[in-house]
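Student: I should like a close look at a single part of this model, followed by a connected account that places that part in its surroundings. Please begin at one residue and work outwards.

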Amino acid sequence: MSNLIILPIIFPFIIGAVLVFFAKKSRAQRIISGVSVLAMVGLSAYLAVMAYQQDTVILEAGDWAAPYGITLVLDNLAALMLLITSILGASCLFFAFGTISKQRERYYFYPFYFFLLVGVNGSFLTGDIFNLFVFFEVMLLSSYVLIVNGGTKYQLRESFKYVILNIFGSALFVMAVAWIYSITGTLNFAHLSERVAQLEQPGILTVVGVMFFIVFAAKGALFPLYFWLPRAYFGPPAALAALFGGLLTKVGIYAIIRMFTLIFYHEPMFTHKGLIVTVAGFTMLFGVLGAVSQFDFKRILSYHIISQVGYMVMGLGIFTPLAVAGAIYYIVHHMFVKTALFLLAGATEKITGTTNIKEMGGLIKSHPVLTWSFFIAAISLAGIPPLSGFFSKFPIILGGFQEGQWVISGVALLVGLLTLISMMKIFGYVFWGENKLTDRQYNTSVTNLLIPIAPLVAFSVILGLAAEPIFTYSLHIAEQILEPSNYVDAVLKE
Amino acid sequence: MEILMSVVIGILFAVAVYLMFSRNIIRVLIGTLLLSHSVHLILFTMAGLQRGAPPLLFLEAEAYADPLPQALILTAIVINFGITAFVSVLVYRTYQEHKTVDLYDLRGEKDE
């Protein structure tokens with residue numbers, strides 16, 4: 001029991017509300033948001049240590065004992081996600097300082113940035129399913145505002161589709177909540193886990209589970225509900241595309257992992273090894289094929305999000321401690337590397353004024369630091385040892401082979417190869433080749449933009465070189481979440 | 001009563017989906033409104049339609065009603081209210097910029 005764990009929700013909320021009053025004062029907004037986002041990194045690091053020492057920390061709001069009150073639960077997985085969220089939030093915010101236009105700044109960019117973090121942090125911390133819905137809505141509504149912020153023709157057109165799809169998803173979410181409440185009579189995760197275990201998950205609960213899977217699959221951009229992602233993420237400025245690309249889909253994946261390790265884990269042959277693995281395979285394959293076919297920097301990266309989300313749910317679908325640990329490791333790796341790549345795409349766009357890779361070339365001479373940062377992030381994404389991509393894919397695929405899931409493991413290996421091809425395509429077009437830059441572009445300095453990216457690239461290297469302790473930590477998390485009694489006992493205190 | 005409600009919800013849902021499939025973005029907006037109404041009714045009905053006193057300590061009654069679904073619906077309605085307000089503005093701005101409400105014209109460039 002610790003009151004601290006409500007801070008990741010309350011703190012950005014207050015800051016966001018304060019920032020509304022400074023909406024027209026760019027300097028004040030930057031100072032307030034910059035300081036508070038760094039404070040959030042410190043806070044979440046502290047919480048991660050606390051969660052590691054005490055395993056599961058809970059907070060019962062207003063002292064109403066679970067399952068009656070609102071419970072916040074901080075276990076290791078949630079703490080890890082909070083930590084990464086705040087680091088990404090800080091990087092993208094500092095990147096935004098250098099790239100965002102005055103007009104976007106004036107129209108509540110920063111307040112909604114913080115409200116988005118409220119929703120994301122809340123989704124990680126909440127201990128009941130209805131609050132998960134509420135925080136999802138907080139996150140989505142902020143993301144609607146941010147994705148359309150700037151109001152260009154393209155943004156308005158594509159955000160409408162994004163919004164409608166998500167409204168439909170949310171409607172299904174409420175419906176699934178209603179169903180599960182009518183069957184089990186509770187909404188608390190721990191209590192649900194207990195009651196579903198008592199009922200031994202009859203068919204109707206599996207149906208509800210699959211309903212939840214569909215809802216989160218739409219948010220997490222899984223096959224066949226991924227089509228909105230590349231178009232929606234193309235519109236907003238690079239800092240936001242990076243934050244969305246690194247963060248938003250992973251909230252959906254986090255919810256899937258929670259649901260299918262804590263509540264609906266009694267029918268693994270159908271839900272995990274059947275449904276999730278199949279969906280993961282198609283997601284990976286179609287995502288990467290989309291990436292190979294594109295010639296736009298941001299779109300290639302967006303399609304890669306889809307294919308990599310597939311790896312994460314594949315790890316969950318194989319459902320052994322090794323594979324789930326790999327999936328968690330992969331989420332960490334992906335969030336850092338993907339955000340770094342999107343930010344690098346933003347820096348490149350700032351230099352060249354375009355995102356079409358065919359119109360670029362020869363940046364290796366004019367901007368060597370940018371080039372090599374991209375190179376590290378790109379080969380890390382493709383899974384070349386000794387970088388983090390390799391050590392996170394390895395346990396997932398190994399787990400697949402151990403469980404006799406030959407097809408999905410083969411697909412995963414093939415997708416890794418195609419990822420490498422499309423990354424090399426970007427590298428070849430943008431950084432190698434003839435110099436297509438004008439003199440002014442050649443001398444454009446992006447050093448101030450590289451500073452927020454540097455920690456992310458460094459993390460990618462560290463995650464690879466220090467694979468042993470980080471993998472042990474992932475395995476620790478995986479063992480914790482694969483044993484639902486840990487969670488249930490901590491919340492219900494039995 | 002639950003059966004009747006299910007039929008009502010089904011009709012609402014069907015109408016909502018029909019409207020969301022149309023080409024006019026204002027009809028799509030109305031579709032999302034009806035969709036949320038039907039979903040709130042599901043939330044209401046699934047807990048069972050009951051008669052009873054409010055579950056307060058000092059009230060002596062034969063039966064008590066479950067307050068949770070009502071709290072949930074209230075929250076869901078508030079959220080939906082915010083989203084509807086946002087989408088209405090979004091639709092209006094889209095119309096201002098694109099000078100059309102036809103989704104067929106809003107599908108994007110041909111070579112995408």
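**From one residue of chain B outwards**

Tutor: B:Lys99 is located in the segment that follows α3 of chain B. The model is a predicted one, and in it this lysine has a positive phi of about 60 degrees although it is not a glycine. Most residues other than glycine have a negative phi. As for its surroundings, B:Lys99 counts as exposed because it has 8 C-beta neighbours inside 10 Å, and a residue is classed as exposed at 12 or fewer.

The chain to which this residue belongs is built from three helices and zero strands. Read from the N terminus, the order of its elements is α-α-α. Chain B contains 112 residues, and its radius of gyration is 20 Å, whereas a compact globule of that many residues would have a value near 13 Å. The C-alpha trace spans about 70 × 25 × 20 Å along the principal axes of chain B. Buried residues account for 24% of the chain. Among the contacts in chain B with a separation of 6 or more, 53% join residues that are 24 or more positions apart.

The UniProt record, an unreviewed entry, annotates residues 6–21, 28–49 and 69–92 of chain B as "transmembrane region". In the model, residues 6–21 of chain B are 94% helix and 0% strand, with 22 Å between the end C-alpha atoms. For residues 28–49 of chain B, the helix content is 86%, the strand content is 0%, and the end C-alpha atoms are 31 Å apart.

The helix that precedes B:Lys99 also takes part in the meeting of the two chains. Chain B contributes 25 residues to its contact with chain A, which contributes 22 residues. On the side of chain B that touches chain A, α2 (25–46) and α3 (68–98) each supply at least two residues. The largest share of that side, 13 residues, comes from α3(B). By class, the side of chain B that touches chain A has 16 nonpolar, seven polar and two charged residues.

Chain A offers a counterpart to B:Lys99. A:Asp63 has a positive phi of about 65 degrees, although it is not a glycine, and it sits in the loop between β1 (57–60) and β2 (71–74) of chain A. A:Asp63 is exposed, with 8 other C-beta atoms within 10 Å.

Two peptide bonds of chain A are also notable, given that most peptide bonds are trans. The bond from A:Phe223 to A:Pro224 is cis, with omega near -5 degrees; A:Pro224 belongs to the loop between α9 (203–220) and α10 (228–234) of chain A. The bond from A:Pro385 to A:Pro386 is likewise cis, with omega near 10 degrees, and A:Pro386 lies in the loop between α16 (368–382) and α17 (388–402) of chain A.

Finally, helix packing within chain A may be considered. The axes of α1 (residues 7–21) and α2 (residues 26–54) of chain A come within 11 Å and cross at roughly 180 degrees, which means that α1(A) is roughly antiparallel to α2(A). Among the residues that meet there are A:Phe11, A:Ile15 and A:Leu19 from α1(A), and A:Ile32, A:Met40 and A:Leu43 from α2(A). By class, this contact has ten nonpolar, four polar and no charged residues.

Notes
Residues are numbered from 1 along each chain as its sequence is written. Chains are lettered from A and ligands numbered from 1 in the order in which they are written. This is a predicted model: local features need pLDDT of at least 70, side-chain atom pairs count only at pLDDT 80 or more; totals for chains, interfaces and linings use all residues. Axes are lines fitted to C-alpha atoms, for helices over the stretch in contact, and angles run from 0 to 180 degrees between N-to-C directions. Helices (H or I, at least four residues) and strands (E, at least two) are DSSP runs, numbered from the N terminus. Angles under 35 degrees count as roughly parallel, over 145 as roughly antiparallel, 65 to 115 as roughly perpendicular and the rest as oblique. Two residues are in contact if their C-beta atoms, placed from the backbone, lie within 7 Å. Ala, Val, Leu, Ile, Met, Phe, Trp, Tyr, Cys and Pro count as nonpolar, Asp, Glu, Lys and Arg as charged, and the others, Gly among them, as polar. The radius of gyration is taken over C-alpha atoms; the globule rule is 2.2 Å times the number of residues to the power 0.38. A residue is buried if 20 or more other C-beta atoms lie within 10 Å of its own, exposed if 12 or fewer, and partly exposed in between; C-beta atoms are placed from the backbone. UniProt positions are given in the numbering used here, feature names are shortened, and annotations may be inferred rather than shown by experiment.
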